[in-house]
Amino acid sequence: MHKSVKDILDKKKNGQKISVITAYDYTLASLCDKAGIDIMLVGDSAGMVMLGYENTIPVTMDQMVLFTEAVSRARQNSLVVADMPFMSYQASASDALANSGRLIKAGADAVKLEGGKIVAPTIQAIVETGIPVMGHIGFQPQTTTLAQGYRVQAKTKDAAITLIEDAKALEKAGAFSIALEMVTSEVAKIISESVSIPTIGIGSGKFCDGQVLVVHDVLGMYDKLKPKFVKQYMTLSDQITKAISLYKSDVEAGKFPAKENWFTMEKSELDKLMKEIE
């Protein structure tokens with residue numbers, strides 16, 4: 001049996017940190033699951049990492065369903081949470097319910113929505129249908145860039161109070177956890193201690209109940225963005241480029257394929273063939 005929402009809630013109660021990784025495809029998700037990651041998040045950042053968009057705004061529900069299906073097929077142990085893309089839940093509660101249901105049917109165990117108090121009623125409506133929801137406050141990639149640009153959140157007293165109120169509103173609405181993105185570590189600590197549900201930090205310091213990074217960032221495979229909060233555990237992009245270059249050189253030099261890389265006919269069958277075509 002894979003992890004449940006209750007397992008994640010129990011981790012906070014027991015003082016255990018929660019590991020979360022963002023993955024988008026079957027192959028890498030299989031490896032993340034094998035490594036024992038608690039939650040695999042199918043992020044709408046797939047639009048940038050996998051599809052080459054400038055930001056997450058163009059990502060569609062159909063695309064998120066495809067990525068969610070791939071990750072859920074790879075999962076044996078992890079909880080799978082899928083992002084609701086831009087405008088899949090903002091217009092109406094009925095949109096939110098229908099689209100969250102699509103992601104659950106695609107294999108997700110829960111969905112994630114961006115926004116504070118303003119989306120609390122939507123979260124409550126989704127939760128009341130039996131679908132677990134992870135909230136997301138602080139820097140919100142879908143909308144914050146439109147108004148503010150790429151910047152750290154909760155740097156002033158007033159901004160901090162608003163964020164704390166947002167977190168409590170999401171908890172009250174029934175969210176089982178809250179992602180805190182690019183929130184000052186002091187405020188992330190206050191929020192983590194103020195709510196009973198787990199907080200998952202994305203560049204929000206060590207006091208959150210869990211941490212999330214994109215698997216491509218962890219492996220050093222995505223160079224377009226290099227946020228301060230990312231820790232690269234390897235630089236696979238260099239190794240991959242080198243391997244592909246070696247392959248190219250081998251093809252051009254006639255070294256690949258070698259005899260061990262191709263298939264041959266039985267000599268007797270070859271002799272028959274040659275007689276036939278002579």
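**Close-up views of a barrel and its surroundings**

**View 1. V81 sits inside the fold.** At 0% relative accessibility, V81 counts as buried (under 20% relative accessible area; exposed is over 50%, partly exposed in between; 1.4 Å probe, protein chains only). This is a predicted model, in which local features need pLDDT of at least 70 and side-chain atom pairs count only at pLDDT 80 or more, while totals for chains, interfaces and linings use all residues. Residues are numbered from 1 along each chain as its sequence is written, and side-chain values use heavy atoms, leaving out hydrogens and water. V81 belongs to strand β3, residues 79-83 (strands are DSSP E runs of at least two residues, helices H or I runs of at least four, both numbered from the N terminus). Setting aside neighbours within four places in sequence, V81 contacts I39, M40, L41 and V42, together with A110, V111, K112, M134 and F176 (contact means heavy atoms within 4.5 Å). To reach Y26 from V81, count 55 residues along the sequence, or 15 Å through space from C-alpha to C-alpha.

**View 2. Strands β1 to β8 form a closed barrel.** Follow the eight strands around in the order β1-β2-β3-β4-β5-β6-β7-β8, and you trace a closed barrel with parallel pairing (two strands pair if DSSP finds at least two bridges between them). Look at one seam: β1 (residues 18-22) and β2 (residues 39-42) run parallel and are joined by three bridges. Across this seam, I21 stands opposite M40, and T22 stands opposite L41. Strand β2 is covered on both faces, with I39 and L41 buried on one side and M40 and V42 buried on the other.

**View 3. One cavity is lined by nonpolar residues.** The whole structure holds one cavity of 30 Å³ or more (on a 1 Å grid over the protein atoms alone, a cavity is a set of points where a 1.4 Å probe fits but cannot get out; a pocket is an open set with protein on both sides within 12 Å along at least five of seven lines; lining residues have an atom within 4 Å of a point). The largest cavity contains about 30 Å³ of space (filled by probe spheres set on grid points joined across faces, edges and corners). Its lining is made up of V20, L41, M134, A179, I200, I202 and V212. Sorted by class, that is seven nonpolar residues, with no polar and no charged ones (Ala, Val, Leu, Ile, Met, Phe, Trp, Tyr, Cys and Pro are nonpolar; Asp, Glu, Lys and Arg charged; the others, Gly among them, polar). You have already met L41, which stands opposite T22.

**View 4. The largest pocket has a mixed lining.** This pocket has a volume of about 580 Å³. Of the 29 residues that line it, S45, M48, P141, E181 and V214 lie nearest the centre. The lining has 15 nonpolar, seven polar and seven charged residues. Helix α3 (46-49) and strand β8 (210-214) each supply at least two lining residues, and β8 gives the largest share, three residues.

**View 5. T56 is tucked into a loop.** T56 is found in the loop between α3 and α4 (61-74). T56 counts as buried because its relative accessibility is 3%. Not counting residues up to four places away in sequence, T56 touches D44, S45, M48, P141 and Q142. Three of these names may look familiar from the pocket view: S45, M48 and P141.

**View 6. Three loops have backbone features worth a look.** A154, in the loop between α7 (144-147) and α8 (157-173), has phi near 65°, a positive value in a residue other than glycine. A154 is buried, with a relative accessible area of 9%. M182, in the loop between β6 (177-181) and α9 (185-194), also has a positive phi, near 50°. M182 is buried, at 7% relative accessibility. Finally, the peptide bond from F256 to P257 is cis, with omega near 5°, and P257 lies in the loop between α11 (236-253) and α12 (267-277).

**View 7. The whole chain sets the scene.** Step back and you will find twelve helices and eight strands. The C-alpha trace spans about 85 × 40 × 35 Å along its principal axes. Of the 278 residues, 47% count as buried. Among contacts with a separation of 6 or more, 59% come from residues 24 or more positions apart.
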